[in-house]
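Please examine the sequence and the structure shown below. The paragraphs that follow lead through the model step by step.

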Amino acid sequence: MHAFDVLGDPVRRRILELLADGEQTAGAVSAVIREEFGISQPAVSQHLKVLRDNGFATVRPEGARRLYAVDPRPLREVDGWLEHFRRFWTPPLAALATELARGRRERRLHGPADPPEERNPQ
């Protein structure tokens, strides 16, 4: 399965978000996903299996529990693929950062801005 097929499902993306906060038991993941998406525990288990089988998650047994965690390797591959497209959003974000810095500088030099009609009396 292609990485974007795995990540294309909102349930699997949400599971990865939960796992990004740290290792979680299958039960904890299932409780959140069942609450948010209204799907059964077996359906959540299937999503965990897809993530595990495609390398996005790891699992380790701890007694009777299964602990899941994010495996970052496939996410790095996705990030590498996205690198080709960053040019579409990086310059606009850099321009926004410049404008924000310009506004901070203006406030520092001139204090809070007066309403436009008070700045340029005619």
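In this predicted model, helix α2, residues 10–20, packs against helix α4, residues 41–53. Two packed helices are described by the angle between their axes and the distance between the axes. For α2 and α4 the angle is about 75 degrees, and the axes lie 10 Å apart. Angles from 65 to 115 degrees count as roughly perpendicular, and α2 and α4 are therefore roughly perpendicular to each other.

Which residues of the two helices meet? On the side of α2 they are V11, R12, I15 and L16, and on the side of α4 they are H47, L48, V50 and L51. Divided by character, the residues of this contact comprise six nonpolar, one polar and one charged.

The next topic is the sheet. Three strands form an open sheet in the order β1-β3-β2, and their pairing is antiparallel. Strands β1 (24–25) and β2 (57–62) stand at the edges with a single partner strand each, so one side of each has no neighbour in the sheet. Between β2 and strand β3 (residues 65–70), the antiparallel pairing extends over six bridges. Within this pairing, V59 has Y68 in β3 as its bridge partner. Helix α2 also packs on the sheet, where it touches β1, β2 and β3. The direction of α2 makes about 95 degrees with that of β3.

Residue A26 illustrates how positions that are separated in sequence can be found together in space. A26 belongs to helix α3, which covers residues 26–37. A26 and L67 are 41 residues apart in sequence, yet their C-alpha atoms are 6.2 Å apart. When neighbours within four places in sequence are left aside, A26 is in contact with L48, R66 and Y68. Is A26 buried, exposed or partly exposed? Its relative accessibility is 24%, and because the range for partly exposed residues runs between 20% and 50%, A26 counts as partly exposed.

The final topic is the aromatic residues. How many aromatic pairs are there? The count comes to two. In one pair, the rings of W81 and F85 have centres 4.8 Å apart and planes at 45 degrees, so this pair is tilted. Ring pairs link F4, W81 and F85 into a cluster. W81 has a relative accessible area of 44% and is partly exposed. F85, with a relative accessibility of 32%, also counts as partly exposed.

Conventions: Residues are numbered from 1 along each chain as its sequence is written. This is a predicted model: local features need pLDDT of at least 70, side-chain atom pairs count only at pLDDT 80 or more; totals for chains, interfaces and linings use all residues. Side-chain values use heavy atoms; hydrogens and water are left out. Axes are lines fitted to C-alpha atoms, for helices over the stretch in contact, and angles run from 0 to 180 degrees between N-to-C directions. Helices (H or I, at least four residues) and strands (E, at least two) are DSSP runs, numbered from the N terminus. Angles under 35 degrees count as roughly parallel, over 145 as roughly antiparallel, 65 to 115 as roughly perpendicular and the rest as oblique. Contact means heavy atoms within 4.5 Å. Ala, Val, Leu, Ile, Met, Phe, Trp, Tyr, Cys and Pro count as nonpolar, Asp, Glu, Lys and Arg as charged, and the others, Gly among them, as polar. Rings of Phe, Tyr and Trp (its six-membered ring) pair if their centres lie within 6.5 Å; planes under 30 degrees apart count as stacked, over 60 as edge-to-face and the rest as tilted. Buried means under 20% relative accessible area, exposed over 50%, partly exposed in between (1.4 Å probe, protein chains only). Two strands pair if DSSP finds at least two bridges between them.
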